[in-house]
Amino acid sequence: MKYVSTLIAVQDMERSKRFYHDVLGLSVVSDFGANAVLDGGVALQTLDSWREFIGHKDVAFSHHAGELYFEETDIDRFLAHLSAFEISYVHPPLEHRWGQRVVRFYDPDRHIIEVGEDMAMVVKRFINSGMTEVQTAKRMGVPLSYVQDCLTS
């Protein structure tokens with residue numbers, strides 16, 4: 001058994017493909033009309049075909065029970081890029097207690113997208129601010145070996 005991708009139902013395939021391309025930089029790898037596979041392991045399925053697959057059961061959008069998670073090496077650049085779009089935010093950019101900066105927003109169908117700062121970049125940001133490896137590990141709540149691995153990767 002192997003995990004292949006995450007599939008989400010969308011109401012307007014073309015709008016969703018544009019959003020994922022323009023906002024997140026994902027390209028269509030395969031397009032079968034009712035289903036499109038994007039690079040990065042995301043698949044889009046039209047709502048009508050999805051309903052058919054699941055026995056015509058109701059589909060609830062904006063359920064807040066999950067998210068698609070991405071990491072970005074240059075979070076400041078991504079946030080500037082994001083400001084060029086009309087985005088509905090779950091919350092504005094924030095910093096988690098371990099130091100990672102993140103933003104959560106909705107796609108056109110109100111699936112939650114999280115874009116977080118790459119964790120190795122968090123480590124490097126703390127080190128570049130003058131913190132030692134030990135202080136960084138303590139600040140982030142991670143083992144020292146994790147910090148050291150991030151610095152050598």
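In the predicted model, strand β3 and strand β4 (residues 42–46) are paired in the antiparallel sense over four bridges. Within this pairing, A36 faces L44 of β4. The two strands belong to a hairpin with three residues between them, in which G40 adopts a positive phi near 90 degrees. On the other flank, strand β2 (residues 28–31) is joined to strand β3 (residues 35–38), again in the antiparallel sense, over three bridges. The bridge partner of V28 in β3 is L38, and that of S30 is V37. A hairpin is also formed by β2 and β3, with three residues between the strands; in its turn, G33 has a positive phi of about 85 degrees.

These pairings are part of an open sheet of four strands, arranged in the order β1-β4-β3-β2 with mixed pairing. The edge positions are taken by β1 (6–10) and β2; each has a single partner strand, so one side of each is left without a neighbour in the sheet. From one strand to the next, the twist averages 20 degrees. Helix α1 packs on this sheet and touches β1, β2, β3 and β4, its direction making about 160 degrees with that of β4.

Within the edge strand β1 lies V10. V10 has a relative accessibility of 0% and therefore counts as buried. When neighbours within four places in sequence are set aside, the contacts of V10 are with S16, L44, Q45, T46, L47 and D109. One of these residues, L44, is the residue of β4 that stands opposite A36. The C-alpha atom of V10 is separated by 8.9 Å from that of D48, although the two residues are 38 residues apart along the chain.

A further open sheet consists of four strands in the order β5-β8-β7-β6, and here too the pairing is mixed. Its edges are formed by β5 (67–72) and β6 (89–95), each with a single partner strand, so that one side of each has no neighbour in the sheet. The twist in this sheet averages 15 degrees from one strand to the next. Strand β7 (residues 101–106) pairs with β6 in the antiparallel sense over four bridges, and Y89 is placed opposite F105 in β7. Two helices are associated with this sheet. Helix α3 (residues 75–82) packs on the sheet with contacts to β5, β6, β7 and β8, and its direction makes about 25 degrees with that of β7. Helix α1, which also packs on the sheet containing β1 to β4, lies across β5, β7 and β8 (112–117) and runs at about 160 degrees to β7.

The loop between β6 and β7 contains H96. With a relative accessible area of 17%, H96 is buried, because this value falls under the 20% limit. Not counting residues up to four places away in sequence, H96 touches V102, R104 and E114.

The largest pocket in the model has a volume of about 150 Å³. Its lining comprises R18, F19, D22, V23, F85, E86, I87, S88, Y106, D107, P108 and R110. Helix α1 (residues 13–24) gives the most to this lining, with four residues. By class, the lining consists of six nonpolar, one polar and five charged residues. The helix that contributes most to the pocket is thus also the helix in contact with β1, β2, β3 and β4.

Over the whole protein, six helices and eight strands are assigned. Along the sequence, these elements follow the pattern β-α-β-β-β-α-β-α-β-β-β-α-α-α. The C-alpha atoms fill a box of roughly 55 × 40 × 25 Å along the principal axes. Of the 153 residues, 37% are buried. Among contacts between residues at least 6 apart in sequence, 51% join residues at least 24 apart.

Notes. Residues are numbered from 1 along each chain as its sequence is written. This is a predicted model: local features need pLDDT of at least 70, side-chain atom pairs count only at pLDDT 80 or more; totals for chains, interfaces and linings use all residues. Side-chain values use heavy atoms; hydrogens and water are left out. On a 1 Å grid over the protein atoms alone, a cavity is a set of points where a 1.4 Å probe fits but cannot get out, and a pocket is an open set with protein on both sides within 12 Å along at least five of seven lines; lining residues have an atom within 4 Å of a point. Grid points are joined across faces, edges and corners, and a volume is the space filled by probe spheres set on the points. Ala, Val, Leu, Ile, Met, Phe, Trp, Tyr, Cys and Pro count as nonpolar, Asp, Glu, Lys and Arg as charged, and the others, Gly among them, as polar. Two strands pair if DSSP finds at least two bridges between them. Axes are lines fitted to C-alpha atoms, for helices over the stretch in contact, and angles run from 0 to 180 degrees between N-to-C directions. Contact means heavy atoms within 4.5 Å. Buried means under 20% relative accessible area, exposed over 50%, partly exposed in between (1.4 Å probe, protein chains only).
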